[in-house]
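Trainee: Could you take me through a close look at one helix in this protein and what surrounds it? I would like to follow it from its own residues out to its neighbours.

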Amino acid sequence: MPRFLRIPLSGIAFLLFYFGASVIAWGLLPLHRWRTRALPPDEQRAALDLFMMRCYRAAIEGMGRLGLMHFSLPDFEAAELPPPPWVLAANHPTLIDVLFIKATLPGVTVLVKAALFKAPSLRRLFEASGDFKGPEVEDQGFGSTAVLDTFVDRLKAGRSVLVFPEGTRSPAWRLRRFRRGAAEAAIRAGAPIVPIFVLSDPPVLKKGDKWHHMPTEVPRFALKLLPAIPTAGQSSRELTTQIRDLLAERLEAARLAACERNRS
């Protein structure tokens with residue numbers, strides 16, 4: 001689809017996303033809870049996780065139908081992962097990474113940027129999923145704060161947690177410094193770490209981009225679940241370096257492939 005058509009469609013997609021979030025938060029979510037109220041608590045939780053995963057999948061499929069992107073999601077059931085909970089550590093190239101991950105893995109809770117909790121509809125959705133607020137200041141670490149304690153509590157309760165160790169969106173085709181909070185939480189909870197590589201080719205909706213900053217090509221998004229990393233006997237520094245190196249290797253290979261494609 002030409003760029004001049006994708007720009008207004010992108011604006012429409014953002015409006016539909018926030019409208020849809022309000023409909024789900026104030027309409028469909030209460031209805032779902034009412035319909036599953038007679039189930040045992042564990043079954044209610046599983047039904048809610050599946051409901052939320054389908055909502056996220058519907059959002060990205062809608063953007064795909066509008067011609068705003070191509071995407072491919074991994075087969076979660078075919079992935080050879082250890083039993084949950086896991087710490088899911090992903091690179092963060094674009095604003096909508098979390099949609100793809102939550103559309104793939106049911107029951108994932110997320111360390112969410114604190115500012116997003118100020119939106120009432122989004123806050124209701126976050127709370128329904130068990131998501132929790134990150135530090136109030138974007139560049140603040142959380143290795144010794146209540147945020148890390150909440151992170152560990154979620155893991156010990158059996159909930160997998162998604163975190164972006166960079167703390168904010170990545171520059172195009174690069175990674176920022178990784179923080180050690182995710183590795184520290186995994187060690188404290190005895191949970192394995194599952195690195196997730198997120199591809200945005202070409203880069204779009206990165207930090208500083210506006211919704212109308214559309215690349216010439218229709219962007220392609222893809223996820224790759226990498227093998228789980230056991231945490232026993234390793235330090236948070238070692239684990240963080242290992243995660244970053246794995247994701248950096250994938251990112252560099254994708255960048256070189258994109259450069260080769262553009263030359264041909």
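Mentor: Happily; what follows is a walk around helix α4 and then into the nonpolar core. Please keep in mind that this is a predicted model.

Let's start with the helix itself. Helix α4 spans residues 120–129, and its buried residues are Ser121, Leu122, Leu125, Phe126, Ala128 and Ser129. Around the helix axis these residues cover an arc of only 165 degrees, so they lie on the same side of α4. As for what that buried set touches, its packing partners are α1, α2, α3 and β3. Just after the helix comes Gly130, which has a positive phi, near 85 degrees.

Of those partners, α2 deserves a closer view. Two packed helices are described by the angle between their axes and the distance between the axes. For α2 (residues 41–65) and α4, the angle is about 135 degrees and the axes are 10 Å apart. Oblique is therefore the word for how α2 and α4 lie to each other. On the α2 side the meeting residues are Arg45, Leu48 and Met52, while α4 brings Leu125, Ala128 and Ser129. Sorted by character, the residues of this contact are 4 nonpolar, 1 polar and 1 charged.

Now step back to the core. In soluble globular proteins, nonpolar side chains tend to be buried together. Here the largest nonpolar core holds 42 residues, and Leu88, Ile96, Ile101, Leu162 and Ile196 have the most contacts inside it. Helix α4 is one of the elements that give two or more residues to this core, along with α1 (3–35), α2, β2 (87–90), α3 (97–104), β3 (109–112), β6 (193–201) and β7 (220–225). The largest share, 7 residues, comes from α2, the helix whose Arg45, Leu48 and Met52 we just saw meeting α4.

Leu162 is a good residue to click on if you want to see the core from within. Setting aside its neighbours within four places in sequence, Leu162 is in contact with Leu88, Ala90, Val98, Ile101, Val108, Thr109, Val110 and Leu111. There is also a second, separate core of 29 residues, with Ala89, Phe132, Phe197 and Ala254 among them.

For contrast, finish with a residue in a loop. Gly190 sits between α6 (181–189) and β6, and Gly190 is exposed, with a relative accessible area of 58%. Although Gly190 and Trp86 are 104 residues apart along the chain, their C-alpha atoms are separated by 9.3 Å.

Conventions:
Residues are numbered from 1 along each chain as its sequence is written. This is a predicted model: local features need pLDDT of at least 70, side-chain atom pairs count only at pLDDT 80 or more; totals for chains, interfaces and linings use all residues. Side-chain values use heavy atoms; hydrogens and water are left out. Axes are lines fitted to C-alpha atoms, for helices over the stretch in contact, and angles run from 0 to 180 degrees between N-to-C directions. Helices (H or I, at least four residues) and strands (E, at least two) are DSSP runs, numbered from the N terminus. Angles under 35 degrees count as roughly parallel, over 145 as roughly antiparallel, 65 to 115 as roughly perpendicular and the rest as oblique. Contact means heavy atoms within 4.5 Å. Ala, Val, Leu, Ile, Met, Phe, Trp, Tyr, Cys and Pro count as nonpolar, Asp, Glu, Lys and Arg as charged, and the others, Gly among them, as polar. A nonpolar core is a set of buried Ala, Val, Leu, Ile, Met, Phe, Trp, Tyr and Cys residues joined through side-chain atoms within 4.5 Å. Buried means under 20% relative accessible area, exposed over 50%, partly exposed in between (1.4 Å probe, protein chains only). The arc is that of the directions from the helix axis to the C-beta atoms.
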